[in-house]
Amino acid sequence: MTRQQRIGTRHRTAKFLGRTAAVALLAALPATSPSAWADRANGQVELGEASHQDTVFGAYMAAGHAEAVHDFQHAADLLDRVLEAEPDDPLLQRRGMLANLHAGRVERAAQLARPQIIVYPSEVDIAALTLATTAMRDDDWDRAVKILKPARRIALARFSSPILAAWAEFGRGNTDAAIESLEALRTESQAQGLHDFHAALIFMAAGRHAEAVALLESQTANLEVTPIGVVRAMARAKLGLGQREAADDLLRGFDALNPGVTFIEDDIADISDDGELTPIVLGPKEGAAEAFIDLARQVRDQAPLIALRYARLGVFLDPGNDLGRMVIAAILERLNRHDAAIVALGEVDRESVFDWEARMQIADNLISMKRDEDAIRQLEAMAEERPEDIDALDRLGYLMRARERFAEGTEYYDRAVDRLDQVGDEHWRLFYFRGITLERTKRWPEAEADFRKSLELKPDDPYVLNYLGYSWIDQGINIDEGMEMIRTAVSQRQNDGNIVDSLGWAHYRLGDFDEAVVQLERAVQLRPSEPVINDHLGDAYWKVGRKLEATYQWRHALSLEPEDSLRETILRKLEEGLDAVEAASGAN
């Protein structure tokens with residue numbers, strides 16, 4: 001964009017904002033401020049009756065809030081409304097494009113992207129990628145190649161644009177040009193794997209399996225670090241050369257090192273059944289979608305909004321890609337849009353390999369939204385659907401623990417344990433969590449047995465050691481063994497405030513108050529917002545004569561909204577002192 005264009009853009013935007021702001025000031029005289037126009041209920045802005053300009057300004061302000069809280073559907077609706085009044089403003093076009101893209105409205109995003117590549121004709125960014133994607137969806141391979149041609153690529157387009165261009169070239173029947181398009185990835189130090197993987201897929205789609213094998217050979221030399229996609233691609237390349245046994249050995253070798261990968265297990269079963277494997281991608285659209293979704297997975301933690309755009313484009317190109325929907329849902333969950341995540345997960349095909357996981361994630365999102373009864377119905381139905389499976393019952397147990405409904409939690413864990421034909425090491429958590437529910441309902445002998453069983457299945461787990469050791473010392477039993485357990489836990493989790501608190505409280509219970517202060521001060525540094533730890537430190541301060549600091553620490557613990565029982569105890573300590581409270585309770 002030239003300097004003159006930038007000045008023009010700023011002028012148009014300032015003109016729009018200035019005009020609508022002036023209208024807002026005039027409207028404020030009869031008490032019709034933007035806050036009065038916008039009635040927010042359940043996160044949705046509904047604009048009341050006002051003049052056209054008032055409504056536009058209200059929509060503009062509300063869109064900013066919707067974007068801030070990642071309510072993409074509503075932001076897109078609002079920005080589209082603003083764009084009706086200011087259709088040529090490039091900044092609004094950009095915001096509207098991104099909002100619609102985040103909301104999964106790719107065709108609308110493409111409409112808003114079109115004028116942007118006129119302003120920026122010499123570079124490829126998300127606008128160009130969006131337009132290229134719609135061209136590929138429509139089998140307009142020539143247009144896609146033309147859009148992706150500029151060599152200056154912005155941000156993640158450095159990686160995605162060469163891959164899309166390659167698949168577009170393949171779409172118009174030019175395999176060699178497709179491979180040539182991927183060469184740009186060789187200049188990127190992090191992109192060699194992407195180059196080899198997509199080049200191999202293109203070679204296989206063209207029936208050139210030997211070239212695919214040559215590309216992937218080095219990557220499959222060490223199966224402990226080979227990506228799943230590369231293993232599956234190599235197996236298909238070998239099968240394409242008639243090397244069925246080699247393909248089977250490769251898959252089984254990976255499975256032995258990485259058991260439980262559904263895709264690999266399914267491939268092994270398919271080779272055993274009929275000696276064939278379904279292609280990873282069926283054509284250029286699916287190949288480009290694979291790239292979008294793979295890149296989205298790689299950057300979703302560092303750049304969730306960029307990842308969401310890519311995943312949306314991937315699913316738009318390949319509507320059957322349920323992995324893409326899972327990625328979209330995971331990103332939306334990270335952005336605390338659990339309602340939108342549920343919508344994405346609900347679109348996963350019931351025949352998909354991801355169906356069960358998707359429905360479990362729907363339950364997780366319902367729990368996060370505190371829609372507990374809906375979550376319970378969903379998980380109970382799933383538990384009935386698979387009477388041999390413990391996943392749904394385990395999740396129900398978690399829900400009950402989270403809501404402090406510990407007796408009900410025990411019942412769910414009991415049902416899960418009853419389903420086990422054989423107890424394996426992987427079930428250590430089941431006994432640990434049931435032990436917690438039993439301990440919290442004062443069924444200590446049964447809880448202790450579960451904690452010991454958990455340690456039998458996973459010796460020296462720091463969390464089980466901490467819970468059991470702390471419980472013993474708090475009851476004044478098995479002191480030496482409990483202290484050793486806690487020390488072992490701390491040695492493994494030195495920066496875990498809860499575990500360090502256990503060590504400090506153990507010293508307190510044993511009358512070693514000076515060491516208790518040392519450990520509890522460190523625990524508070526690690527978990528400053530935990531009321532129990534702050535309360536413990538207050539007690540330790542009192543015991544070593546630092547009573548003013550003790551009262552400060554207790555007051556701080558109160559400000560952290562402790563449970564009712566702890567709150568009552570702290571208030572009594574502030575009023576009567578720790579000695580009187582301990583004497584009244586019979587504590588040592």
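**Exercise 1. What volume does the second largest pocket have?**

Solution. The second largest pocket has a volume of about 1800 Å³. A pocket here is an open set of points on a 1 Å grid over the protein atoms alone, where a 1.4 Å probe fits, with protein on both sides within 12 Å along at least five of seven lines. The volume is the space filled by probe spheres set on the points.

Next, take the lining, meaning residues with an atom within 4 Å of a point. It has 48 residues, and the closest to the pocket centre are Arg-232, Phe-263, Glu-290, Arg-297 and Leu-323. Helices that give two or more residues include H11 (192-205), H13 (228-240) and H16 (284-299). H16 gives the largest share, 8 residues. Helices are DSSP runs (H or I, at least four residues), numbered from the N terminus.

A note on the source: this is a predicted model, in which local features need pLDDT of at least 70, side-chain atom pairs count only at pLDDT 80 or more, and totals for chains, interfaces and linings use all residues. Residues are numbered from 1 along each chain as its sequence is written, and side-chain values use heavy atoms, without hydrogens and water.

**Exercise 2. Find where the model is confident.**

Solution. Start with pLDDT, the predictor's confidence in each residue, from 0 to 100. The protein averages 89, and 90% of the residues score at least 70. Now look at residues 1-50: their pLDDT is below 50. Where pLDDT is low, the predicted coordinates should not be read in detail.

**Exercise 3. Place Glu-67: is this residue buried, partly exposed or exposed?**

Solution. Locate Glu-67 in helix H3 (residues 52-68). Its relative accessible area is 25%, so Glu-67 is partly exposed. The cut-offs are under 20% for buried and over 50% for exposed, with partly exposed in between (1.4 Å probe, protein chains only). Then check its contacts (heavy atoms within 4.5 Å). Beyond neighbours within four places in sequence, Glu-67 touches Ala-75, Leu-79 and Arg-95.

**Exercise 4. Which residues have the most contacts inside the largest nonpolar core?**

Solution. A nonpolar core is a set of buried Ala, Val, Leu, Ile, Met, Phe, Trp, Tyr and Cys residues joined through side-chain atoms within 4.5 Å. The largest one has 161 residues, and Met-136, Trp-167, Tyr-310 and Phe-451 have the most contacts inside it. Helix H9 (residues 157-171) gives the largest share, 9 residues. A second, separate core has 20 residues, among them Leu-520 and Ile-533.
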